[in-house]
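Thanks, everyone, for making the time this morning. I would like to walk you through one chain of a complex, beginning with confidence and then turning to its helices.

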Amino acid sequence: MKDDGRMGRSFDKLRGPVVESVERRLFLRQALSLGALSMLAGCDLTDADKTQRMLRAMSGWNDRVQGWLFDPARLAPEYPESAITTPFPFNAYYDESEVPTVDATDYRLELAGLIRDRRPWTLPELYALPQASQITRHVCVEGWSAIGKWSGTPFRTFLARVGADTTAKYVGFKCEDDYYTSIDMATALHPQTLLAFRYADQILPARYGFPMKLRIPTKLGFKNPKHIRAIFVSNDYPGGYWEDQGYNWFSGS
Amino acid sequence: MVATRQAQWLVVHPLVVRITHWLNVAAVLVMVTSGWRIYDASPLFHFRIPAALTLGGWLAGALQWHFAAMWLLGVNGLVYLGYGIFSGHFRRKLLPVRPGDVFADLRAALRGRLVHDDLSVYNAAQRAAYLALVLCLVVLVVSGLAIWKPVQLQALAALMGGYEGARIVHFTAMAFVVAIVVVHVVMVVLVPRTLPTMVTGRTRRPR
């Protein structure tokens with residue numbers, strides 16, 4: 001099902017101009033992980049490679065199990081306004097000073113892949129879509145959690161509006177900050193999956209993902225892309241920034 | 001001759017118990033050390049676990065180990081629990097546990113006077129410790145499931161006060177497991193002939 005080297009190619013195929021070539025980053029820490037492992041087991045690098053493959057295979061198996069466990073009708077708990085975490089933590093793969101600035105007037109949300117109407121969307125057009133709000137818990141892969149209020153249009157409403165092929169396997173996201181990720185179609189169609197334009201009733205500030213964030217209360221935080229620039233629907237596994245480095249792809253809550 | 005030789009040996013640990021014991025050793029070792037690395041990514045309390053004691057190298061590596069070894073821990077644990085309950089193993093070896101006996105044994109142990117000559121019978125302190133370990137591992141798995149799936153298994157998470165409560169339960173159960181394991185290993189060092197018995201299953205019949 002998965003091919004680790006595929007991410008860059010499937011993006012290129014789908015939308016060349018927007019999607020820059022995405023470099024797979026093999027971080028030093030990954031090498032460290034192998035080193036630590038081989039020391040622990042007292043084995044050579046070949047064994048470490050085998051172990052790494054085994055762990056990746058188990059992560060793939062866990063993707064499947066989580067797909068089966070996912071109940072499309074089960075809602076994430078919602079909380080009262082008094083439960084909101086203030087200030088809501090900033091979190092990204094870069095420092096807060098490096099948050100991208102997006103010009104609202106020039107902004108266009110681009111669509112690609114298995115979508116009937118791929119015309120780009122302006123922000124006023126997106127803001128005119130039916131709106132919904134939720135106060136839900138954001139759970140980070142690191143373990144911490146925080147409760148926030150997001151408002152926007154239910155993603156399934158948007159997918160229906162643009163004529164996305166909802167029988168396809170994946171929905172992928174390409175962001176202004178070079179972040180990218182992808183989710184399963186079942187989660188994309190979940191009633192609480194929200195294309196969020198507001199945080200705490202205010203236009204999404206830059207640090208929380210202006211102009212939009214996909215808020216998915218049934219997935220870990222890193223599966224909630226911010227500063228979305230392009231959305232595509234595909235049957236080819238698109239991977240993700242953290243996923244390609246070893247984080248579990250499904251990462252459902 | 002053969003009959004006499006056999007008569008000197010006593011099977012104290014059934015094969016299922018020995019296999020599940022050693023698989024559990026591997027599973028718990030991986031779960032605890034990778035869990036410590038995950039803990040360090042966002043510590044619940046005001047301390048970190050030294051990185052040298054952790055497994056995985058970084059958060060993603062630790063999560064891979066944790067979510068792979070959970071299957072070993074879970075499936076192996078179910079086999080052990082099923083065997084223990086349905087074969088009568090728990091009833092024969094771990095029950096009854098009377099608090100009075102446990103305290104008497106603990107007092108004797110602290111004075112260095114607790115004897116464990118007959119390896120086929122667990123004293124009250126052992127029974128209490130082994131049952132507590134099984135219970136803590138069950139709590140660890142249940143709280144771990146709640147942390148993994150706080151939406152899909154939200155009823156389970158709610159039992160522990162929600163996602164953040166489940167994290168505290170998970171950490172606390174881990175701490176108890178580690179404490180019990182440390183005492184267990186110290187006891188094996190003090191009574192070393194228990195170690196080969198957990199491999200072969202046999203011990204010399206006490207004379």
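**Chain B: confidence and helix packing**

What you have in front of you is a predicted model, and for chain B the mean pLDDT is 92, with 96% of its residues reaching 70 or more. Within that chain, confidence is lowest in helix H1 (residues 2–8), where the mean is 58, and highest in H3(B), at 98. For the complex, the predictor gives an ipTM of 0.89 and a pTM of 0.87.

Let me take helix H2 of chain B, residues 15–41. At 1.5 Å a residue, its 27 residues should span 39 Å, and the end C-alpha atoms are indeed 39 Å apart, so expectation and model agree. The buried residues of H2(B) include B:Thr20, B:Ala27, B:Val28, B:Trp36, B:Arg37 and B:Tyr39, and the buried residues of this helix pack against helix H3 (59–86) and helix H8 (162–190) of chain B.

H8(B) also has a second partner to consider, namely helix H6 of chain B, residues 124–148, and the two pack at an angle of about 150°, with their axes 8 Å apart. Because angles over 145 degrees count as roughly antiparallel, H6(B) and H8(B) are therefore described as roughly antiparallel to each other. The crossing in which H6(B) passes H8(B) is left-handed.

Which residues of H6(B) meet H8(B)? On the H6(B) side they include B:Ala129, B:Cys136, B:Leu140, B:Gly144 and B:Ile147, while among those on the H8(B) side are B:Tyr163, B:Arg167, B:His170, B:Phe176 and B:His184.

Technical notes
Residues are numbered from 1 along each chain as its sequence is written. Chains are lettered from A and ligands numbered from 1 in the order in which they are written. This is a predicted model: local features need pLDDT of at least 70, side-chain atom pairs count only at pLDDT 80 or more; totals for chains, interfaces and linings use all residues. Helices (H or I, at least four residues) and strands (E, at least two) are DSSP runs, numbered from the N terminus. The expected span of a helix is 1.5 Å times one less than its number of residues. A residue is buried if 20 or more other C-beta atoms lie within 10 Å of its own, exposed if 12 or fewer, and partly exposed in between; C-beta atoms are placed from the backbone. Two residues are in contact if their C-beta atoms, placed from the backbone, lie within 7 Å. pLDDT is the predictor's confidence in each residue, from 0 to 100. Axes are lines fitted to C-alpha atoms, for helices over the stretch in contact, and angles run from 0 to 180 degrees between N-to-C directions. Angles under 35 degrees count as roughly parallel, over 145 as roughly antiparallel, 65 to 115 as roughly perpendicular and the rest as oblique. A crossing is left-handed if the near helix is turned anticlockwise from the far one by less than a right angle, and right-handed if clockwise.
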